[in-house]
Amino acid sequence: WFARRAFVEDGRTAAIDALVLNLGIIFGTMALATSAAALVTGSRGSMPGWGANVFANALCVVGFLCVATVLHRRVVGRGRRALLWLAAVACLAGIVSTGTRVALVLYLVAFLAVVVVRVVPRGLRFVALPILAAVAVALFAAVPGVLLEVVAEVSPRAQSVGGVTIDRTVTLPRLVEAVGRESSVRTRLALWRASLGMAQAYPVTGVGWGQWNWSKDRF
């Protein structure tokens, strides 16, 4: 409903900016609260009922919207721009407190991508962006440890994967092997295979509302 109103009202740019600002304030406040709780308890932070991964994914999306809005829209007022930046930083802190590594990597990559798009002139983007993407992929393939070491510095949970300590000496084959040993990866693959089996067995109706958790053992 909010998204629809933002797109149909007059002055839609201002309406969308206001929508992103409201989301940033709400989720930034939630992120600060969970970060403080994680510092006090020493455990992974999350909102009750969300789960750490789900909450981190939501913070990733909202934080990215805040950064993109600041860099790509003419937000009125320094106060609003400052609030959007604060919300983006708070979302980053919240993601770190959840210990969710994938969301952290995606957030940092998205942030860098938005900054690059902003720096490159509009007329050159169709050439520059694919080249930059290819260079980034090549760099990751050549020296993944150097890049992931930055993530490991931010999040303690990202300092090891599958029993391998992340540092600048880690190579891509070793990283792939370590990811294959990671328990969370193996668990997700098993659950995805079970979900695919459910979809194949019951392509139209599924297994029933709320029944996935009860039916997964059969698949």
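Let me begin with the packing around helix α5, whose buried residues pack against α3 (52-72), α4 (78-98), α7 (144-154), β1 (160-161) and α9 (183-201). I should say at once that what you have on the screen is a predicted model, and that every value I quote is computed from it.

The buried residues of α5 are Arg101, Ala103, Leu104, Tyr107, Ala110 and Val114. As for the helix as a whole, α5 covers residues 101-119, and with its 19 residues it reaches 27 Å from the first C-alpha to the last, which is close to the 27 Å expected at 1.5 Å a residue.

Let me take valine 114 as the example from this helix. Its relative accessibility is 7%, and because buried means under 20%, valine 114 counts as buried. Leaving aside residues up to four places away in sequence, valine 114 touches Phe64, Val67, Ala68, Leu71 and His72. By contrast with those contacts, I also looked at valine 150, which lies 36 residues from valine 114 along the chain, and there the C-alpha atoms of the two valines are separated by 18 Å.

Now to the surface. Phe126, Val127, Ile131, Val135, Leu139, Phe140, Val143 and Leu147 together make a nonpolar surface patch of about 690 Å², and the largest share of that patch, 6 residues, comes from helix α6, residues 125-142. Phenylalanine 126 is found in that helix, α6, and it has a relative accessible area of 63%, so that with exposed meaning over 50%, phenylalanine 126 is classed as exposed.

Conventions. Residues numbered from 1 in each chain as written. Predicted model: local features only at pLDDT ≥ 70, side-chain atom pairs only at ≥ 80, totals over all residues. Heavy atoms only, no water. Patch = residues over 30% accessible without salt bridge, like charges linked within 9 Å, V, L, I, M, F, W, Y side chains within 5 Å. Areas by Shrake-Rupley, 256 points an atom, 1.4 Å probe, with all protein chains shown as cover. Salt bridge = Lys/Arg side-chain N within 4 Å of Asp/Glu carboxyl O. Helix = DSSP H or I, 4+ residues; strand = E, 2+ residues; numbered from the N terminus. Buried < 20%, exposed > 50% of the residue type's maximum accessible area, 1.4 Å probe, protein only. Contact = heavy atoms within 4.5 Å. Expected span 1.5 Å × (residues − 1).
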